[in-house]
Protein chains: 2
Amino acid sequence: MIFSDKVSKTKVEEYLRAHNIRPSIQRMAVMEYLANHRTHPSINDIYRALHPTVSTLSRTTVYNTLHLLAEAKAVKELSMEDNVCYYDADTSNHAHYKCRQCCKIYDLFETEIPLLAEIKKLVENDSRFDSADLYFRGICPKCAEKEERKKKQKFI
Amino acid sequence: MIFSDKVSKTKVEEYLRAHNIRPSIQRMAVMEYLANHRTHPSINDIYRALHPTVSTLSRTTVYNTLHLLAEAKAVKELSMEDNVCYYDADTSNHAHYKCRQCCKIYDLFETEIPLLAEIKKLVENDSRFDSADLYFRGICPKCAEKEERKKKQKFI
DNA sequence: TACAGAATTTGTAATCATTACAATTTTCGA
DNA sequence: TCGAAAATTGTAATGATTACAAATTCTGTA
């Protein structure tokens with residue numbers, strides 16, 4: 001999926017059809033949510049966000065839909081530790097970075113991590129591989145700054 | 001941990017002490033198992049393997065021990081999809097490769113993936129990061145060959 | 001438009017990994 | 001040897017995911 005600021009319903013419908021997925025109300029809702037919320041939400045996040053408006057939606061359908069979307073390579077499934085799957089509508093070549101403090105997941109694109117291009121090549125040229133994932137972990141700048149401020153406070 | 005063919009009990013004890021972990025019977029058993037079984041076992045694998053001999057061992061202790069070992073960086077915790085943690089006694093810089101067919105996890109070392117050195121450098125030079133993991137997926141050569149043979153059979 | 005069959009959705013129950021927790025046991029230093 | 005601290009244990013709780021069967025919706029055809 002290519003991202004504009006706000007992805008329209010029509011765009012989502014086209015996208016699903018392009019991946020041979022029949023665009024039901026529920027599938028559209030899930031895909032639209034993912035396309036417009038680039039925070040790598042979990043199934044639960046998605047379910048909780050959509051349920052109030054799409055009251056008919058069941059948790060099972062969210063599972064079904066995301067498996068279907070992942071199978072069709074319309075979304076990317078991430079699983080970095082903590083035994084929960086996160087979903088990403090951006091299927092382009094990029095890495096992920098999870099902050100140990102705030103637990104947010106950030107995207108890291110080729111502009112920042114040029115290595116990604118080489119990893120992609122590696123996958124393309126080695127028949128054993130069909131995909132590669134690069135995950136970073138650490139404390140994100142925001143959390144590092146907060147920590148820094150806390151420390152300073154102590155010494156005033 | 002540096003691996004010889006078979007890691008001795010004394011070696012395991014030294015290794016634990018070096019990581020400030022008191023070498024109890026249970027911890028020794030878990031660490032020794034991990035050191036001598038380079039198959040990236042899950043908690044359950046370890047528990048099921050050890051329980052018959054160390055009959056006193058509880059599942060909770062295996063969890064406690066592995067968390068402790070991971071915390072002390074004596075082992076590496078892997079979590080590639082399927083929401084189960086796998087453990088690796090080899091804490092050197094290497095990537096992992098999981099076969100979609102047989103689900104085995106293979107090690108990929110720097111000799112094979114020179115990129116690993118660059119990723120390491122990246123982590124060392126970027127304060128946001130403290131670790132990176134590179135995971136590959138695909139069909140392993142053994143499984144690919146099996147598949148090939150099956151196909152041929154069909155046409156005889 | 002009506003209908004049958006296929007696809008999709010739903011809700012509930014089951015499964016499985018992990019964690020919480022409190023009681024028991026073991027270890028270690030005084 | 002004794003008592004506190006550390007480690008272990010078993011059970012119960014949690015939480016994500018899957019299984020499954022019933023209900024609903026959709027699609028193509030007559």
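Before sorting any surface by residue type, I fixed the classes: Ala, Val, Leu, Ile, Met, Phe, Trp, Tyr, Cys and Pro count as nonpolar, Asp, Glu, Lys and Arg as charged, and the others, Gly among them, as polar.

I kept in mind that this is a predicted model, in which local features need pLDDT of at least 70, side-chain atom pairs count only at pLDDT 80 or more, and totals for chains, interfaces and linings use all residues. Residues are numbered from 1 along each chain as its sequence is written, while chains are lettered from A and ligands numbered from 1 in the order in which they are written.

**Entry 1, DNA strand D.** I looked up the residues near DNA strand D (C-beta atom, placed from the backbone, within 6 Å of it) and found that 20 residues surround the strand, the closest being Ser24(B), Thr56(B), Ser58(B), Thr60(B) and Thr61(B). By class, this surface divides into five nonpolar, twelve polar and three charged residues. I then listed the elements, taking helices (H or I, at least four residues) and strands (E, at least two) as DSSP runs numbered from the N terminus. At least two residues each come from α3 (43-50) and α4 (59-71) of chain A and from α2 (25-36) and α4 (59-71) of chain B, and the largest share, four residues, belongs to α4(B).

**Entry 2, chain A against chain B.** Counting two residues as in contact if their C-beta atoms, placed from the backbone, lie within 7 Å, I found 23 residues from chain A and 23 residues from chain B in the contact. On the side of chain A, α5 (115-125) and β5 (131-138) are the elements that give two or more residues, with β5(A) supplying the largest share, eight residues. I sorted that side of chain A into twelve nonpolar, four polar and seven charged residues. Strands pair if DSSP finds at least two bridges between them, and β5(A) pairs with β5 (residues 131-138) of chain B in the antiparallel sense over seven bridges. Which residue of β5(B) is the bridge partner of Leu134(A)? I read the partner as Leu134(B).

**Entry 3, how the copies are related.** Superposing by least squares on the C-alpha atoms of residues with pLDDT of at least 70 in both copies, I could lay chain A on chain B with an RMSD of 0.1 Å by a turn of 180° and a shift of 0.0 Å along the axis. That is the relation of a two-fold axis. I also noted that 100% of the interface residues of chain A are interface residues in chain B as well, so the copies meet through the same surface.
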